[in-house]
Amino acid sequence: MTDLLRRMCAWLTPACPVTINRPIRVPRMTLLNRQHEFERHLQLAANKCGEQGWILILLDADDDRPVALAATLRERSQRVVPHRPVAVVLANREFEAWFMAAAESLNGCHGLKLEPGDQNVHAETPRDAKGWLGRRLGNSRYHATSDQPKFAAKFDMAQARQRSRSFRKLCDDWMRHTSTYYPRASPSSSSDTQP
């Protein structure tokens with residue numbers, strides 16, 4: 001995740017002196033269903049990001065409606081850490097859907113072989129994006145812990161932004177929050193081409 005955010009920073013807000021802290025990893029259901037854990041992790045994030053920072057909550061939407069769940073999480077966050085801005089992004093349905101959205105850029109990467117018609121797949125509709133990737137890895141299976149960082153380092157973010165509403169939201173939130181705290185970088189400094 002940290003590497004993805006660094007790539008995003010270099011692409012969208014290169015003029016910003018952003019420090020990206022190590023992510024606080026929390027199981028999705030723990031964050032959603034255990035209020036004490038939610039509060040504890042939000043307060044930890046607030047302390048880590050400092051006075052000029054902001055918090056990004058990034059989850060898979062799974063079968064939840066991303067807009068509704070994000071609104072609920074934002075409201076809960078404001079009650080816990082009203083002194084810190086919080087962005088909530090839900091990958092619809094899974095983080096790996098962003099790779100599907102930019103599948104053309106990953107063809108041949110780490111053994112991934114696209115099938116006819118894959119370039120036109122609507123990435124945020126199918127359930128089991130991990131399985132979709134796994135089926136295109138031939139004899140291998142997709143393993144999130146080892147494959148996710150490899151694909152995150154290579155996928156075309158401009159293509160994902162164009163084809164994935166949830167990835168576009170991550171980009172928009174990144175630019176909005178970063179330009180608020182580092183005014184030298186503005187959304188006009190962004191580009192749809194990657195370095």
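Reader: Why is Lys-169 called partly exposed?

Author: Its relative accessibility is 30%. Buried means under 20% relative accessible area, exposed over 50%, and partly exposed in between, with a 1.4 Å probe and protein chains only, so at 30% Lys-169 counts as partly exposed. Please keep in mind that this is a predicted model, where local features need pLDDT of at least 70 and side-chain atom pairs count only at pLDDT 80 or more, while totals for chains, interfaces and linings use all residues. Residues are numbered from 1 along each chain as its sequence is written, and side-chain values use heavy atoms, leaving out hydrogens and water.

Reader: And what makes Asp-173 buried?

Author: Asp-173 has a relative accessibility of 3%, which is under 20%, so Asp-173 counts as buried.

Reader: How do you know that the side chains of Asp-173 and Lys-169 meet in a salt bridge?

Author: A salt bridge is a side-chain nitrogen of Lys or Arg within 4 Å of a carboxyl oxygen of Asp or Glu. For Asp-173 and Lys-169 the N to O value is 2.5 Å, so the pair fits the rule. Both residues lie in helix α10 (residues 165-181), 4 residues apart, about one turn of the helix. Helices (H or I, at least four residues) and strands (E, at least two) are DSSP runs, numbered from the N terminus.

Reader: How many salt bridges does this rule give?

Author: The count comes to 18. Another of them joins Arg-127 to Asp-63, with the closest N and O atoms 3.0 Å apart. Arg-127 is in the loop between α6 (103-106) and α7 (129-135), and Asp-63 is in the loop between β1 (55-60) and α4 (66-80), so this pair ties together parts that are 64 residues apart in sequence.

Reader: Why does Asp-63 count as exposed?

Author: Asp-63 has 55% relative accessibility, which is over 50%, so it counts as exposed. Its partner Arg-127, at 44%, counts as partly exposed.

Reader: What makes the side chains of Asp-118 and Arg-136 a salt bridge?

Author: Their N to O value is 2.7 Å, which is within 4 Å, so the pair meets the definition. Asp-118 lies in the loop between α6 and α7 and Arg-136 in the loop between α7 and α8 (144-154), so parts 18 residues apart in sequence are tied together. Both residues are buried.

Reader: Why is Leu-4 called buried?

Author: The relative accessible area of Leu-4 is 1%, so it falls under 20% and counts as buried. Leu-4 lies in helix α1 (residues 2-12). Setting aside neighbours within four places in sequence, it is in contact (heavy atoms within 4.5 Å) with Phe-95, Trp-98, Ala-152, Phe-155 and Met-157.

Reader: What makes a residue part of the lining of a pocket?

Author: On a 1 Å grid over the protein atoms alone, with a 1.4 Å probe, a pocket is an open set of points with protein on both sides within 12 Å along at least five of seven lines, and lining residues have an atom within 4 Å of a point. The second largest pocket has a volume of about 260 Å³, where grid points are joined across faces, edges and corners and the volume is the space filled by probe spheres set on the points. Of its 13 lining residues, the closest to the centre are Pro-66, Val-67, Arg-165, Ser-166 and our Lys-169. The largest share of that lining, 4 residues, comes from α4.
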